Amino acid sequence: MVTHSRQPSADDPRVLLDQEIGVFEPVPPYPPRTEREAEFYTLGDGEMFVNMGPQHPSTHGVLRIVLKLNGEQVVDLDPVLGYLHRGVEKICENSDYHHIVNQLDPLEYISSLFMEWPYVQAAEKLLDLEVPRRAEYIRVLSGELNRIASHALFMGWFALDLGGLTPILWSFIERDEIVEMLGALTGARMLFNYFRIGGVNGDLNHEFMSRLGSWMSRAATQIEANTKLLNENEIFVRRARGLGRMDREMALRMCVTGPNLRATGVPFDVRRAHPYSIYPELDFDVPTRTEGDSLARYLLRVDEVKQSLRIIDQCLHQMPDGPIMARIPRLIRPRPGRAYGAVESPRGQYTMYMISDGTDQPFRLRIHDPSFVHLGSVGRLVPGNLVADTMAIMASLDPVMGGVDK
Amino acid sequence: MTTVSRAWGRLTLPGKIFFTVVPLLLVLGLGGLIAIMLLGPLVLQILGDNLPLVRFVIAATAVLLAAIPIAFLNIFMEMKVIAFMNLRIGPDRVGPWGTLLSVVHGLKVLGKEDFTPTGADRTIFTLAPVVVFLGTVMSFLVIPFAPGLFGQDFNIGLLYFFAVGGLTVVGLMMAGWASFNKYSLLGGLRAAAQIVSYEIPLTLSVVGILMLAGTMSLNQIVLNQSGSFLDWYVFQQPLGALIFLIAITAEANRAPFDLTEADSEIVAGFATEYSGMRFGFLFFAEYVNMFIVSALTVTLFFGGWNAPFDWPFPISANLDPASLGIGLLILVAVVPLIGTLALAAPFWLMRSSMPTWQALVIGFVLFNVLAVAAVLGWAFVSWEWVVGLLWSMIKAYGFVFFFVWLRGTLPRVRIDQLMNFAWKWLLPAALLNLFVTALAIIVLGR
Amino acid sequence: MDPAFKRRLETRFRGVLLGPVHQRHDETEIRVGPGDVSAVMRALHDEPTFRFEFLSDVCGVDTGVVMQVVYHLWSETTADWLRVIADGLSRDDPRVPSLTPLWPGAEWMEREAYDMFGITFEGNRDLRRIYMPPDYMAFPLRKDFYLPDDAARSPGAGVRHVEQSHAPVNADPSVTVRTARGA
């Protein structure tokens, strides 16, 4: 039994390397702080700790998971966060309102627009600002493109964590095309910094439209072809089916949102449940599945891509003329108050809670990232599965570590 | 400062080398000549008496030497083929089409630090790659690549193959255990479980062939399959071939059964703590193994070196260089000159901007290519082992491609699925295959 | 804005609410004392007129005067976001009951609030730091925690410590601690 018998070293309590045996045991060198920690760091018969990450080939970003294994079976696990923590909330409290969009981008490096969106939404609520309709259309258009890019990448990643080599590179074709497109629109390929309080940064341009047109003409068939590699693959289906099953009650109690929640049969989509922007005017479905396992999460995202294509199509047809920015001052000083912005991102519900104290900097900006919550539920999904499925289950929840660690 | 040292000091570097090497060579050459004259007959006598041993030593050396280029070729092939499947370009910087990249990889591996983690069992940790590599390479010995081109023709060749090939699992377990790393341990134990489980259907699936062929000698098995491609055992043992192919994929730790080094799960499995040339050995062993299992599949089920159909135009070119007389001199001296000039002329005439020397270089290279092609063609029609080698290589690399293709396409199976598949499906199927074959032999009275 | 919902809240939680129900845009806001959080949340979650099954966010707020814990909830019974503010936690020893019995998923969000503000969620069985290293002493999102960039507009200007968990010794708290009394 490994307990906390070892005393913290006099020089640095964080030195976890046991010099005597020369092996890294991921047991903290201080007494347990909580009931849960004490339970986790006590080994039963035939159990061992395995430290997965932060440098492991398949943790998505800088995540460390301490696994308690019995043979190949995971008995329990404890995710350790904070390797990417930069204190963005604190930074935002010390930046002015326009500047913050820039700070939020790197939190969500897969689909940055969705991190900007709840922020501008909350700020617009604080300012009682009416956003031009064209700007809203452009937001929805670029946002849905970004959603497809994110989902395409998810499909590849999930397959990669199940050991498939090719899908990730095939899905990068779609993503690269979309990212180039958004690059033409926003000026950046990854961290777009595009939405502004009161509108967007630039109007649709020729390069974006021509790329979008040629891509839209073949997108559906191409995505179909990419998913065929996995959908009809016996090994893939057998591994993903029943993996990390989450039922409706558990999903709601674990505060899971987005595709992971819809895969359990709850049709909660912020775009429909609490409409924002121009989504009430658009015609699209909220696909759901009832199985709640990894396969359902994967297939649901494939369905969502198709819905996103529908939305893009409608946006292009209904796009109104007009300005793309509301008239707002250079220095924003909203009246003191509180506002809550929430959008449906590819990962779930991104929300931001903003408190203004009348100065040019928000008094508090709370960034809520669904990846963080989903990662919290990994501890309940993985135990009982094999080591091989740890990363697969984690991948099927599709977390982005930038947002998890803030 | 004597005269000699002053003279030595005035010499340039090539001069120093020349005046050191040439006397040394002279002395050594004379000494060697005398030694050969005195000891030669005795040595020849001893060698002649122990011909099988000599043959074995030569074959083992050849196999060890051949293993590295084969591994290089397989690694390059894997990189390039998977790149094409992934819609990438793949290696294209080092050498033409990136062909030299795996050579550079090899050099890089040689240059890296050979690191032993603290707490590792040094002896076993160091020995493990050697065991893996030797186990792999030694199973090369019995595989016949062409008529007369094999290391040893054991009458228990197949048994030897499985026995020596089974040594690799010992090496993998040693690597996994001695690394003192939990990922390595998991990888090593996975390797043990997987390879031991798949040994059984693998061995059972070839028993059908043994009954049909009546021998374990791989050479004889290939000879039994001569004729058209319908004589290949794959058509008499389709189920056996399928089981064999699946089991050998698991045996070689190839995707979708590459659980021992599943990078998304256990980092690199048993190889996690290895670096430098030890890792190189493990890595090479894997790729050599891929080639060996392909060659074995070809040998057992796809007719080995036999061509799938008879060559319709029997040519027997039997050029004896001695019969050419003065023509040989002309062939050696004049033909290269004329060939080079003739091949250079079109380039020189076509492009006025091209300097003469460039045209000549192109002509020379082209002539050499053509000459090599002609020599190979001549060898092809006149020596049957060249034909056999060609066919067995084509087939074997077909299977290497197949394994690479699998890796490019399929996700990895889980360990419980892997075990279930071996024990619940492959083993009964192999037994069924065995039973049906035995029944057929009795009923048909062969 | 959903006036009917406001009336429902006022009738149900009369006496518990610390102030009037506040509505703006699509948000309805109620304030309760830290002692009532459990009961209010359970009522909101269980009762058929509310059915707030969906906990959207848990976060801590330091107003500079008091601590708050802010919950955002969603239900299909209303078109509004419901914001429940557990108001008036003392800055010296902020304590509030944990929501983990109702929503186990709140565990990590509460851990984050503990890490950043030092708010103790009673009943959370895994309340330890989640982002900061375990031997970290300060609570970074509190208003009296200093970032070096803050120095530009504070009496601590010129102090180039990477991090200061307290305001500079000679600083006047009324200047260094940013407060929002209305929050």
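Start your tour by selecting Glu144(A) and Arg271(A): both residues are buried. This is a predicted model, and in it their side chains meet in a salt bridge, with N and O 3.2 Å apart. Color chain A by its elements and you will find Glu144(A) in helix 5 (residues 133-161) and Arg271(A) in helix 11 (residues 270-273), 127 residues apart.

Stay in chain A and select Arg289(A) and Asp303(A), whose side chains also meet in a salt bridge (3.4 Å, N to O). Here Arg289(A) sits in the loop between helix 11 and helix 12 (294-318), while Asp303(A) belongs to helix 12 of chain A, 14 residues apart. Are these two buried or partly exposed? Arg289(A) counts as partly exposed because its relative accessibility is 24%, and Asp303(A) is partly exposed too, with a relative accessible area of 21%.

**Crossing to chain B**

Now show chain B as well, and select Glu72(A) with Arg190(B). Their side chains form a salt bridge at 2.5 Å, N to O. The pair runs between chains, from the loop between strand 4 (64-70) and strand 5 (73-80) of chain A to helix 8 of chain B. Both Glu72(A) and Arg190(B) are buried.

Next, pick Arg414(B) and Asp389(A), which form a salt bridge with their closest N and O atoms 2.9 Å apart. Between chain B and chain A the count is 2 salt bridges, along with 10 residue pairs in polar contact. To see the chain B side of this meeting, highlight helix 3 (51-85), helix 8 (182-213), helix 12 (263-266), helix 16 (384-409) and helix 17, the elements that each give two or more residues to it.

How many residues of chain B are in contact with chain A? There are 29, and they touch 38 residues of chain A. The two chains bury about 2700 Å² between them, with carbon and sulfur atoms giving 60% of that area. Select Lys182(B), Pro411(B) and Arg414(B) next: they supply 23% of the area that chain B buries against chain A, more than any other three residues.

One more stop here is Thr166(A), in helix 6 (residues 166-186) of chain A. Thr166(A) counts as buried because its relative accessibility is 1%. The side chain of Thr166(A) makes a polar contact of 2.9 Å with the side chain of Asn86(B). Beyond its neighbours within four places in sequence, Thr166(A) is in contact with residues including Met85(B), Gly408(B) and Leu229(A).

**A nonpolar patch on chain B**

Turn to the surface of chain B and select Leu239(B), Leu242(B), Leu432(B), Phe435(B), Val436(B), Leu439(B), Ile442(B), Val443(B) and Leu444(B), which make a nonpolar patch of about 930 Å². Helix 11 (238-251) and helix 17 (415-444) of chain B each give two or more residues to the patch, and the largest share, 7 residues, comes from helix 17. Zoom in on Leu439(B) in helix 17; this residue counts as partly exposed because its relative accessibility is 44%.

**On to chain C**

Finally, bring up chain C, which has 4 helices and 7 strands. Follow the sequence and you will meet them in the order α-β-β-α-β-β-β-β-α-β-α. Of its 183 residues, 59% count as buried.

Which chains share the most contacts? Of the 2 pairs of chains in contact, that is chains A and C. Chain B and chain C have no contact, and their closest C-alpha atoms lie 25 Å apart. For a last selection, try the network of salt bridges that links Lys125(A), Arg338(A), Asp26(C), Glu27(C), Glu29(C), Arg31(C), Arg83(C) and Asp87(C).

How values were computed: Residues are numbered from 1 along each chain as its sequence is written. Chains are lettered from A and ligands numbered from 1 in the order in which they are written. This is a predicted model: local features need pLDDT of at least 70, side-chain atom pairs count only at pLDDT 80 or more; totals for chains, interfaces and linings use all residues. Side-chain values use heavy atoms; hydrogens and water are left out. Patches are made of residues with over 30% relative accessible area and no salt bridge: like charges are joined within 9 Å, nonpolar side chains (Val, Leu, Ile, Met, Phe, Trp, Tyr) within 5 Å. Accessible areas come from the Shrake-Rupley method with a 1.4 Å probe; for residues, only the protein chains shown count as cover. A salt bridge is a side-chain nitrogen of Lys or Arg within 4 Å of a carboxyl oxygen of Asp or Glu. Buried means under 20% relative accessible area, exposed over 50%, partly exposed in between (1.4 Å probe, protein chains only). Contact means heavy atoms within 4.5 Å. Buried area is the accessible area (1.4 Å probe) that two parts lose on being put together, summed over both. A polar contact is a pair of N or O atoms within 3.5 Å; within protein, one must be able to donate a hydrogen and the other to accept it, and residues adjacent in sequence count only if both atoms are side-chain atoms.
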